[in-house]
Structure formats: structure tokens, C-alpha cells
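Student: I should like a close look at a single part of this model, namely its aromatic residues and their surroundings. Please take me through them in one connected account.

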Amino acid sequence: MHKISIILTDITKRAGTERAVVNLANIISSLNYDVCIFSTDSISGSPQYYLNRNVRIFHFGLKISSAKGFLKILEYKKLNTKIIECIKNENIDCVIGTYSFFNALLTRIPNVETIGCEHFNYFSASKLHRLVRRIFYPKLNAVVVLTEHDKAHYSFLKNCFVIPNSLSFESVIKENWSEKVVLSIGRYTKQKGFDYLIKTAAKLKKAFPDWKFKIVGSGEDEKLLENLIAEYHLEDYVKLLPPTNNIVDLYKSASIYCMSSRYEGLPMVLLEAKSCGLPIVSFDCPEGPAEVIENNKDGFLCKPENPDDLAEKLKILMSDEKLREQFGKKTYINSKRFSTENITKKWKQLLETI
């Protein structure tokens with residue numbers, strides 16, 4: 001049996017990359033590969049999402065994400081040693097990276113096949129990371145990106161493949177779209193643009209006072225968002241809620257999903273919202289939303305970082321339950337292309353190729 005490892009920073013965190021890695025590990029395991037996860041910075045613990053019990057986790061206990069300058073270089077040297085030791089001891093055939101520096105490091109590992117995965121769009125990375133991709137990615141056996149739009153930026157590669165993230169659960173269509181709730185999920189960081197969403201909610205409160213905005217997550221910008229909610233007097237209109245394992249119930253309790261991100265890769269939350277039949281209103285930020293949303297058919301794409309446009313498109317759906325239902329049924333059907341079955345076929349083909 002071939003053995004494959006996936007490397008990321010901390011498998012115990014609750015975020016999109018961690019969920020995507022867990023899904024990928026489960027998919028590859030279902031193809032009868034022996035799968036393990038290298039979690040560079042964690043010391044112990046389990047994923048926040050369901051992981052096939054046959055998938056093992058190796059906690060390296062390093063400080064890749066927190067170390068600075070020369071100390072970070074030392075941490076990467078330690079990581080290099082640990083990866084080589086694990087490959088030798090576990091007879092691993094292939095290693096999959098999830099971050100540009102990890103992917104670059106894999107090109108230095110002998111006697112193993114290498115796949116570099118990108119979870120963010122090309123231009124969200126710094127010039128240094130883009131240079132790393134240019135130098136090292138051609139040395140990988142394959143590079144996987146999430147969207148066709150993003151693949152266009154990797155024209156310097158002959159080994160680039162598009163494989164979207166897969167759904168985290170089976171599609172569950174809503175029964176009605178009468179709940180007056182706009183839902184958004186993600187880490188409280190600048191990238192997710194929840195400051196824009198709060199400003200958008202302020203524009204809608206007077207016209208739609210019986211609606212509620214729920215922003216589910218946690219992160220370093222929580223206090224900033226709380227202050228912004230207070231500044232606009234939205235304490236009873238916009239709610240910051242902690243993460244939950246009952247993710248499907250969250251989607252089913254809303255009638256619209258809204259994404260206000262400054263940039264994305266291929267957002268897991270959009271795939272999940274579609275699979276639950278939620279019409280979506282999103283900034284047309286680089287790169288993922290345009291490949292997930294059929295504009296004016298199952299949702300609306302809005303001008304990036306423009307709360308006025310976001311409010312106008314939300315207003316259309318908030319005013320019309322029949323349109324929410326029409327869009328919701330369409331988005332549920334469209335979610336099937338991100339099903340585990342379809343994404344498994346793509347990974348099976350890639351792994352057999354290399």
C-alpha cells in the first residue's frame with residue numbers, strides 16, 4: 001500500500017485550511033492509501049473536524065508560525081530533519097504540502113514524490129512567496145490550485161492541476177427560506193472583511209429591522225468588530241457568535257449567506273452554504289467566489305470591498321422570499337460539482353499519474 005503524508009502548520013486549529021486538509025486526508029484514505037498528517041507546530045490534540053480513524057497524526061512541536069528571522073530558519077531546518085526521519089521510518093512515498101514555504105522545502109527531500117497545494121489565490125501572497133513559487137514549484141511533481149482563475153497565474157508550470165476543495169458533508173436542502181437571518185462564517189481577521197459586513201448591516205437596519213446578521217467565528221479582530229458594532233448601534237442587529245460543531249444547523253437556520261472577504265482561495269463556507277441551499281451574496285474578490293456563484297442565478301457577485309453594492313444585492317433577497325427559494329434550490333443543485341465523489345475522482349487521477 002502506498003503511503004502519503006500531508007503537511008500543515010496545526011491540524012488542531014478550526015479554520016478553512018484545516019477543514020480542507022481533513023477532507024483531503026479522508027478522500028485519499030478512501031482510495032486505499034495509508035495516510036498520515038504532519039502537524040508542524042502542534043504538540044498534541046485532535047482535529048476539530050471528523051477524521052478517518054485510519055489517518056495518523058504526527059505532532060512535531062515546532063515553532064514555524066511564531067519564530068522570526070534567523071530562528072525561523074532554524075525551525076525549518078528542524079522540520080526538514082523531522083520530515084526525512086518520518087519518510088524513512090514510515091516508508092512514505094508521497095508528501096503533500098499546503099503552504100508555499102512547505103512546498104519549497106519538499107523539493108529538497110530525496111526519494112519521495114511531492115505535491116504542492118495552494119489554498120489562497122496567487123496575488124494574496126507577498127512578492128517573496130511568489131518568488132518562492134517561481135523558483136521551487138517547477139521542481140515539484142505536481143502543483144494543485146483551487147480554481148481555473150488561479151491556474152492562469154501559474155503559466156510557468158507544466159504540472160499544474162485544478163482540484164477544488166470538497167464539501168465537508170452531504171448536501172442537505174432547506175425546507176423553507178423564511179428565516180430572517182443573514183449568516184457569515186470565518187475567522188475574525190482583516191482578510192474576511194467583517195468590518196465591511198457590519199457597515200453593510202448598518203445600511204439595512206432601518207429598512208429590515210426584523211432581520212438579524214450572525215457572524216460566526218473567533219480571532220484577533222474580535223474586539224475591533226465589537227467596537228464597530230457599538231459604533232453603529234447594532235448590538236441587537238449584528239451578533240458575533242462562537243464557532244460550533246453543529247455547522248449544518250447554522251446554515252439551515254439562515255436564509256442568506258453573505259461573504260465580505262477582501263480575498264480568498266476557494267472558500268469552504270461558500271461550498272457548504274450552497275450544499276444547504278442558501279443563496280449567496282459575495283464580493284467578487286480574487287479568486288474563488290466567481291467560480292462558486294452563478295451571478296443572478298443562485299446568488300449575487302458584488303463590487304469588491306463595496307458595502308453599498310453589497311447592501312443593494314442583499315436588499316433584493318431580503319425583500320423577496322420567493323427569490324430566495326428560487327436561488328436556494330438552484331444553488332443546492334449547483335453544489336453537486338463539489339461533492340466528495342467528484343473531487344475524489346480528480347485526486348485519484350492525479351495520484352495515479354504521479
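Tutor: The model is a predicted one. One aromatic cluster is formed by Tyr 122, Phe 123, Tyr 137, Tyr 154 and Phe 156. In total, the structure holds 15 aromatic pairs. One of them joins Phe 38 and Phe 58, whose rings are edge-to-face, 5.8 Å centre to centre and with 80° between the planes. Phe 38 belongs to strand 2 (residues 34-39) and Phe 58 to strand 3 (residues 56-59), so this pair ties together parts that are 20 residues apart in sequence. Phe 38 and Phe 58 are both buried.

Phe 38 also pairs with Phe 60; here the ring centres are 5.2 Å apart and the planes stand at 35°, so the pair is tilted. This second pair links distant parts of the chain, since Phe 60 lies in the loop between strand 3 and helix 2 (69-90), 22 residues from Phe 38 in strand 2. The relative accessible area of Phe 38 is 0%, and that of Phe 60 is 9%. Because buried means under 20% relative accessible area, Phe 60 counts as buried.

Strand 2 spans residues 34-39, and the cysteine at position 36, Cys 36, is likewise buried, with a relative accessible area of 2%. The count of disulfides comes to zero. For Cys 36, the nearest cysteine sulfur is that of Cys 86, 7.1 Å away. A disulfide requires sulfur atoms within 2.5 Å, and Cys 36 is in no disulfide. Cys 302 is also in no disulfide, the nearest cysteine sulfur being that of Cys 258 at 7.2 Å.

Aromatic residues also appear in the largest nonpolar core, which has 31 residues. Phe 213 and Tyr 237 are among those with the most contacts inside this core, together with Val 238, Leu 314 and Met 318. Several elements give two or more residues to the core, including strand 9 (212-216), helix 11 (307-318) and helix 6 (194-204). Helix 6 provides the largest share, six residues. Eight of the eleven residues of helix 6 are buried, so this helix is largely enclosed by the rest of the structure; among the buried ones are the aromatic residues Phe 194 and Tyr 196.

Leu 314 shows how these parts meet: beyond its neighbours within four places in sequence, Leu 314 is in contact with Thr 200, Leu 204 and Phe 213, among others including Val 182, Ile 256, Cys 258 and Val 281.

Technical notes:
Residues numbered from 1 in each chain as written. Predicted model: local features only at pLDDT ≥ 70, side-chain atom pairs only at ≥ 80, totals over all residues. Heavy atoms only, no water. Core = buried A, V, L, I, M, F, W, Y, C linked by side-chain atoms within 4.5 Å. Buried < 20%, exposed > 50% of the residue type's maximum accessible area, 1.4 Å probe, protein only. Helix = DSSP H or I, 4+ residues; strand = E, 2+ residues; numbered from the N terminus. Contact = heavy atoms within 4.5 Å. Phe/Tyr/Trp six-rings, centres within 6.5 Å; stacked < 30°, edge-to-face > 60°.
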